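Visitor: Please take me through this structure and, for each label you use, give the reasoning that stands behind it.

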Amino acid sequence: MARSKEALVLLLDVGPSMHSILPEVEKLCTMLVQKKLMFNKNHEVGVVLFGTEETKNELEKEVGGYENVFVLRDIKVVDADVVDILHNIPRGKFPGDFVDAIVVGIDMLIKKFGETNKGKQCLCLVTNAQCPTKDPYEGTKEDQVDKISSNMKAHGIKFDCVVIRENPVESAGKSVIDENDHLLNQFSKNTISKIVHVDSPLALLGALRTRSISPVTVFRGDLELGSTMKIKVWVYKKTSEEKFPALKKYSDKAPSSDKYATHEVKVDFEYRSKEDPDKVVPPEQRIKGYRYGPQVIPISSAEWDSVKLKPDKGVKLLGFTDSSNIKRHYYMKDVYTFIPEPGNRKAIVAVSAIARAMKELNKVAILRCVWKQGQGSVVIGILSPNVSCMDNIPDSFYFNILPFAEDVREFQFPSFSRFPATWLPNAHQQEASDNFVRMLDLAPSDREEMLKPEFTPNPVLERFYRYLDLKSKQPDASVPPWTAP
C-alpha cells in the first residue's frame, strides 16, 4: 500500500434525534470526500450508518447482534459515487448505538488491511450521543470500551469524534448523555483520538479537519537570553492562512486518441535584442534593469548580493515590557509557537520558569528573530507566556510579529462635534448605528462566542469547492448565486 494512502470509515448517527442536523452532516462529509478527491485521490473511504431500520454488516452475520448498523459503502478508493451517496443519507428510525458502530468500523478496517497500514487508518464518528448504548454480554461498559480501545491501539487505528448538541438536554436524558460522554472520554484516553463538541450546524462544518497538514518547524536552535544563557527551543507555525489550491492550465488540443497526453500547458519566454530582433539573448547576457525616473538602471545579481542584508540565524531577547504596552491590533501575520526541545528536561524547566514568571508579572518579551541562515529579513515580535494546565504538556510561548515604524498607519478622523448640527445623526439614526455594531459582536457578554475560529470554515473556500464539484458533473454550469449559511 502506498505510504500516503489512508483509509477512513465514516460512522454516522442517523437515528431520529439526529434528523434535524443530518443536512449539515451531509455537507460536512461531502466536503471531506470532495477534498480527498482533489488532494488525496488514492485514499479509501467507507460509510457506516447506525440507527437504521435495516441491518447490514458482516459481524451480524458471523456472531449475531449489532442490529441497526448498516454498511452503506465498503472501504474503497474515493470516487464520485461516494459523494452522491453522502448527498442523500437515509434517515433511521431507531436509536443509534455508537459502540456497535465503532466495533463494526474496526472490523472492516482489520479485515481490509490486517497488520498492514498501521497509523493510516481512521474512524470518524458523528453523533449527538443522546441514545443509550447496549449492555455487553460480559463485564461492564467500561470494560468493553477498554477491550475495544486496546484493539484499536494494537492496529494503529485513529479515532475522531464530533459530538453535536444544539439545544439544552432535558434532565430525563442527562444521565444517558453523561454516561456516553464518559465512554467517549475513555476512548479518548486509551486511543489516538480527538473529540470535538459543537453546538451549532455552522460549527459542525469546521469541526473536522478535511485536510491533514503535518506541522514543520520553522526554527530549531537557541533562544538567547544573554551571552551565557541559552535555551533549546523548537518553533512551529500555530496559525496560517489557508489559500486557494494551485490551479494549473489545461489544454484540450491534444487528440483524444493520445492516451499519453498530459494536457499540461508550458510557458516559455524568449528575450530578443532591440537592435537585432532575430537574435535571441541567452540568460548569461541578460541583466535586470530598474526604472529611476526616466532612466533604466542596470543592476547585476552580484551587485544585489553585495548590498543584501545577510543576518546570522538566531533568536535573541531584546528585553521585557508590560503586556499593556503592546496593543492587540499591533499583531501582524501568523502566530508561532515556541516549545522547549522535546526530551530536553533542562529546556522544559527553563521555559516553564520564565513563562510562569512572565504571567505572574504580566510581562511579555521582545525578540529579534532570524529563522534561517542568510534570510534577507529580520523579524521583531513579542513572546507571550502560554502556561499549560495539563501535566503531560509543557509550558510554551506564543510569538506575534510586530510592525516596524513604516508599517504603522495613523489615520486621524475629526470629531462629530466639529460638524454643523444639521450633519449630526438624530436619535433614531444613532440607535440604528448602535444596534448594527452590537450585531457584529461575536462575543456578547450574555452568550458564548459565536463563529469560533477553530470551528468556522472559510466560506470562500467552501463555495469554491462546491462549485468545483458542480463543474465536474456539469461542465457548462454557471456560478450559483450566493446563499447565507
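**Aromatic groups**

Guide: Phe219, Tyr336, Phe338, Trp371 and Phe399 form one aromatic cluster, and I should say at once that this is a predicted model. A search of the whole structure finds nine aromatic pairs.

Visitor: What makes the pair of phenylalanine 159 and phenylalanine 187 tilted?

Guide: The ring centres of phenylalanine 159 and phenylalanine 187 are 5.5 Å apart, with 45° between the planes. Rings pair if their centres lie within 6.5 Å, and planes under 30 degrees apart would count as stacked, those over 60 as edge-to-face; an angle of 45° falls in neither class, so the pair is called tilted.

Visitor: Which parts of the chain does this pair tie together?

Guide: Phenylalanine 159 belongs to strand β5 and phenylalanine 187 to helix α6, which means that the pair links parts 28 residues apart in sequence. Both of these phenylalanines are buried. Serine 193 is in contact with Phe159, Phe187 and Ser188, when neighbours within four places in sequence are left aside.

Visitor: Why is serine 193 called partly exposed?

Guide: Serine 193, which is found in strand β6 (residues 193–198), has a relative accessibility of 22%. Buried would require under 20% and exposed over 50%, so a value of 22% places serine 193 in between, as partly exposed.

**Cores**

Visitor: Which residues have the most contacts inside the largest nonpolar core?

Guide: The largest nonpolar core has 32 residues, and those with the most contacts inside it are Ile102, Leu123, Leu125, Met152 and Phe159. The elements that each give two or more residues to this core are β1 (7–13), β2 (44–50), β3 (69–77), α4 (98–113), β4 (121–127), α5 (141–154), β5 (157–164) and α6 (171–190), with α4 giving the most, at 10 residues. For leucine 125, residues up to four places away in sequence not being counted, the residues touched are Leu11, Phe50, Phe98, Ile102, Phe159, Asp160, Cys161, Val162 and Leu184. There is also a second, separate core of 27 residues, which includes Val14, Leu28, Cys29 and Leu86.

**Helix α11**

Visitor: How do you know that the length of helix α11 agrees with its number of residues?

Guide: Helix α11 (residues 459–473) has 15 residues, and the expected span, at 1.5 Å a residue, is 21 Å. The C-alpha atoms at its ends are 22 Å apart, so the two values agree.

Visitor: Which residues of α11 are buried, and how do you know that they are on the same side of α11?

Guide: In α11, the buried residues are Leu461, Glu462, Phe464, Tyr465 and Asp469. They cover an arc of only 160° around the axis, and therefore they lie on the same side of α11. The partners against which the buried residues of α11 pack are α1 (22–39) and α3 (80–87).

**Backbone and burial**

Visitor: What makes the phi of asparagine 68 worth noting?

Guide: Asparagine 68 has a positive phi of about 65°, although it is not a glycine. Asparagine 68 sits in the loop between α2 (58–62) and β3, and its relative accessible area of 17% is below the 20% limit, so it counts as buried. Histidine 263 likewise is not a glycine and has a positive phi of about 60°, in the loop between β8 (230–237) and β9 (289–292); its relative accessible area of 22% is not under 20%, so histidine 263 is classed as partly exposed.

Visitor: Why is glycine 381 called buried?

Guide: Glycine 381, in strand β14 (residues 379–386), has a relative accessible area of 0%, which is under 20% and therefore buried. Leaving aside neighbours within four places in sequence, glycine 381 is in contact with Ala365, Ile366, Leu367, Phe399, Asn400, Ile401 and Leu402. From glycine 381 to arginine 368, 13 residues apart in sequence, the C-alpha to C-alpha separation is 6.8 Å.

**Domains**

Visitor: Where do domain 1 and domain 2 lie along the chain?

Guide: According to the domain assignment of the protein, domain 1 is 2–207 and domain 2 is 217–241 + 309–407. Their C-alpha centres lie 40 Å apart.

Technical notes. Residues numbered from 1 in each chain as written. Predicted model: local features only at pLDDT ≥ 70, side-chain atom pairs only at ≥ 80, totals over all residues. Heavy atoms only, no water. Core = buried A, V, L, I, M, F, W, Y, C linked by side-chain atoms within 4.5 Å. Buried < 20%, exposed > 50% of the residue type's maximum accessible area, 1.4 Å probe, protein only. Helix = DSSP H or I, 4+ residues; strand = E, 2+ residues; numbered from the N terminus. Contact = heavy atoms within 4.5 Å. Expected span 1.5 Å × (residues − 1). Arc of directions from axis to C-beta. Domains from an automatic or database assignment. Phe/Tyr/Trp six-rings, centres within 6.5 Å; stacked < 30°, edge-to-face > 60°.
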